[in-house]
Amino acid sequence: MKILFIGDIVGNPGRVATTQFLDEHQHKYDFIVVNGENAAGGRGLTFDIVDQLLASGVSAITTGNHVWDNKDIFRFIDTTPQLIRPANYPTDVAGRGVTIVASTDGQTQLGVINLAGQIFMSPYTNPFHALNSIIPEVKAVTPYILLDFHAEATSEKIAMGWHADGRIGAVIGTHTHVQTADARVLPQGTAYITDAGMTGPYDSVIGTRTDDALERFLTMMPTRFTVAKRNVKLCGAEIELDEQTGLAVSIMPFQHQY
Ligand SMILES: [Fe+2]
Ligand SMILES: [Fe+2]
């Protein structure tokens, strides 16, 4: 069972790279999961963008702290089951934090969970306890489960990998936009990477124009951030799960230049 995970898609450059890549490679995967929190000009998602991603073969869209940045999302988050936001929000918040999606051939199902970290992030409830209560719900439906853990601190992400080891197929880190060199299958069979990396312009500061970001650091004043354009890469990881157990056979990070 092959899953493609594409890291934080940033703005139009990230969306163009994603649709081009999927046009060519979509058929190789049973499931395609993308993090879309920065897809609309770096900030959130719109209806049209979600529609375009799903039409290009995406099975599920995860998000993170930028999920609410574009208010258009309130129009469709409750009616788009493939789109999830961190599960560790209070229960009455719009949208859902877990989804179960069908494979491209309709034969199997993947449970996709989104959680956000607590360190150097806005307040979220405890993601470790949240995962404990979510796993049995999803396992009642399918043995194949992937978690997008959207967090800043490497320590918190690594701890989540060990917390999940042997219980779900994959823990994929997002949010820092820089791919880490630590992809591995943990001893009990969970595929893990601290960060899948960004899909967007790399001549930038994690997707933002360098002059905008430097102005903020130099003046310490609020500045407007715009998405950069040059040196676009698509980053992510391919994960293979064992069909019997749902645990990982392999994880292979990749960076594809556009
Ligand atoms: Fe992001
Ligand atoms: Fe983020």
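**Two iron ions sharing E37, and helix 3**

At 4% relative accessibility, N38 falls under the 20% limit and therefore counts as buried. In this predicted model, N38 is one of the protein donors of the iron ion (ligand 1), and the neighbouring topic is a second iron ion, ligand 2, which lies 3.5 Å from ligand 1 and is coordinated, as ligand 1 is, by E37. The points below take the two metal sites in turn and then turn to helix 3.

**The iron ion (ligand 1)**

- The protein donors are D8 through OD, E37 through OE, N38 through OD1 and H177 through NE2, and they lie 2.0 to 2.2 Å from the iron ion (ligand 1).
- Along the sequence these donor residues follow the spacing D-x28-E-N-x138-H.
- The angles among the 4 donor atoms run from 89 to 160 degrees, and the site of ligand 1 is classed as irregular.

**The shared residue**

- E37 coordinates both iron ions, which are 3.5 Å apart.
- With a relative accessibility of 1%, E37 counts as buried, because the limit for that class is under 20%.

**The iron ion (ligand 2)**

- Coordination of ligand 2 comes from E37 (OE), N65 (OD1), H150 (NE2) and H175 (ND1), at distances of 2.1 to 2.2 Å.
- The site of ligand 2 is irregular, with angles of 86 to 148 degrees among its 4 donor atoms, and its donors are spaced E-x27-N-x84-H-x24-H along the chain.
- H150 belongs to strand 6 (residues 145–150), whereas H175 sits in the loop between strand 7 (170–174) and strand 8 (184–185), so this pair ties together parts that are 25 residues apart in sequence.
- Both histidines count as buried, H150 at 0% relative accessibility and H175 at 12%.

**Helix 3**

- Helix 3 covers residues 127–139, and its 13 residues should span 18 Å at 1.5 Å a residue, which agrees with the 18 Å between its end C-alpha atoms.
- At the start of helix 3, a side-chain oxygen of N126 comes to within 2.8 Å of the backbone nitrogen of F128.
- The buried residues of helix 3 are P127, A130, L131, I134, I135 and V138.
- An α-helix has 3.6 residues a turn, so residues three or four places apart point the same way.
- The cover over the buried residues of helix 3 includes strand 4 (98–102), strand 5 (109–116), strand 6 and helix 4 (154–164); strand 6 is also the strand in which H150, a donor to ligand 2, lies.

Conventions:
Residues numbered from 1 in each chain as written. Chains lettered and ligands numbered in written order. Predicted model: local features only at pLDDT ≥ 70, side-chain atom pairs only at ≥ 80, totals over all residues. Heavy atoms only, no water. Donors = N, O, S within 2.8 Å, 3.2 Å for Na, K, Ca; no water. Tetrahedral: all angles 85-135°; square planar, octahedral: opposite > 155°, others 65-115°. Buried < 20%, exposed > 50% of the residue type's maximum accessible area, 1.4 Å probe, protein only. Helix = DSSP H or I, 4+ residues; strand = E, 2+ residues; numbered from the N terminus. Expected span 1.5 Å × (residues − 1). Contact = heavy atoms within 4.5 Å. Polar contact = N/O pair within 3.5 Å; in protein donor to acceptor, adjacent residues only side chain to side chain.
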